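Student: I've got a structure here and I'd like to work through it with you. Can we start from the inside and then move on to the ligand?

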Amino acid sequence: MQIRDKTFIVTGAGSGIGQQLSLLLIQKGARVIGLDLREASLAQTKTLAGGDDARFRGVALDVSNLERVQSFAAEAPSIFGGVDGLINNAGIIQPFQPVNELSLEAIHRVMNVNFYGVVYLTKALLPHLLERPEAHIANVSSMGGFLPVPGQSVYGASKAAVKLFTEGLYAELLHTRVRVTIVMPGAVATNIVENSGIEAPPASGNSSRFKALPADKAAAIIVRAIEKNAFRVLVGSDASFMDRLYRLAPRYAVHFITRQMQSLLKK
Ligand code: NAD
């Protein structure tokens with residue numbers, strides 16, 4: 001898809017990957033409607049984007065609130081005169097706890113934001129996207145959506161649900177003008193722990209041989225994938241490496257990642 005002169009909705013636009021996606025899309029000549037929980041973070045993105053109302057509009061909204069999503073979707077096309085792209089990027093991680101200790105409340109919260117948030121926005125905007133000359137949906141899953149990470153089992157399940165939902169959409173929309181991309185990032189340097197409202201793990205997986213990718217680099221890879229109408233994009237060398245390892249030897253890959261992440265579950 002050509003980015004210039006298109007209008008994108010980017011969820012989670014107030015921080016990390018979503019903020020960098022918004023800035024890059026604007027730099028490439030698009031308009032962005034940025035969604036996030038907090039007005040203040042959206043205002044920051046707008047300032048970074050040059051403060052231009054004609055390029056960036058922030059809307060404070062919880063993607064897991066179906067009514068709010070539906071009323072936003074009804075208004076969205078009138079903001080800049082049509083919507084051509086939807087990037088479902090907003091997401092949270094779960095508390096670093098094994099399933100046995102994780103509350104049902106935490107489980108519902110992660111599924112509601114990471115999976116139902118994607119479903120609600122997609123359902124609400126798809127009829128409009130199908131009417132556009134060309135349109136794109138990119139959904140941000142995770143390396144954790146194909147590879148289990150101990151202490152993030154429900155996060156992984158939510159991202160696996162996003163992966164299959166998105167691949168199903170890709171297949172269903174093949175004969176339309178809506179292209180679909182599934183995005184599988186590895187570790188990206190953002191404030192996701194803090195923004196998810198959870199405690200940082202006792203020690204991070206620093207033993208990992210891979211460095212977290214800067215968010216602007218991740219955004220550049222994702223935007224390139226949208227431009228190329230890619231089916232799937234792995235973001236970062238850790239995601240590419242684990243994707244290959246998991247397909248070759250799934251059980252070995254699970255043991256490998258468990259050794260890397262062991263410290264996350266130690267008290
Ligand atoms: P981030 O916390 O920097 O940004 C996420 C944004 O989403 C935040 O601004 C947050 O306020 C917003 N958000 C959270 N819940 C929301 C809700 N209910 N409604 C609206 N907005 C909401 O995190 P990030 O690392 O940039 O994450 C972006 C996406 O990338 C997420 O889906 C995450 O799961 C995925 N991802 C991140 C990594 C990583 O290492 N950072 C790795 C793989 C996948």
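Student: How many residues does the largest nonpolar core have?

Tutor: Keep in mind that this is a predicted model. Phe8, Val10, Leu21, Leu25, Ile87 and Ile226 have the most contacts inside that core. As for its total, the largest nonpolar core has 32 residues.

Student: Which element gives the most to this core?

Tutor: β1, α1, β5, α7 and β9 each supply at least two residues. The top contributor, with 7 residues, is α7.

Student: Is α1 largely enclosed or not, and how many of its residues are buried?

Tutor: Buried here means under 20% relative accessible area. Among the α1 residues that pass are Gly16, Leu21 and Leu25. α1 is largely enclosed by the rest of the structure, because the buried count is 10 of the 12 residues.

Student: How far apart are the end C-alpha atoms of α1?

Tutor: At 1.5 Å a residue, the 12 residues of α1 should span 16 Å. The model agrees with that, as the end C-alpha atoms are 17 Å apart.

Student: On to the ligand: which side chain has an N or O atom 2.6 Å from an oxygen atom of the ligand?

Tutor: Gly16 reaches a ligand oxygen through a backbone N or O atom, at 3.5 Å, so to speak of side chains we look elsewhere. Tyr155 has a side-chain N or O atom 2.6 Å from a ligand oxygen. The other one to name, also at 2.6 Å, is Asp36.

Student: What share of the ligand's accessible area does the protein cover?

Tutor: On its own, the ligand has 820 Å² of accessible area. The share of it covered by the protein is 96%.

Conventions: Residues numbered from 1 in each chain as written. Predicted model: local features only at pLDDT ≥ 70, side-chain atom pairs only at ≥ 80, totals over all residues. Heavy atoms only, no water. Core = buried A, V, L, I, M, F, W, Y, C linked by side-chain atoms within 4.5 Å. Buried < 20%, exposed > 50% of the residue type's maximum accessible area, 1.4 Å probe, protein only. Helix = DSSP H or I, 4+ residues; strand = E, 2+ residues; numbered from the N terminus. Expected span 1.5 Å × (residues − 1). Polar contact = N/O pair within 3.5 Å; in protein donor to acceptor, adjacent residues only side chain to side chain. Areas by Shrake-Rupley, 256 points an atom, 1.4 Å probe, with all protein chains shown as cover.
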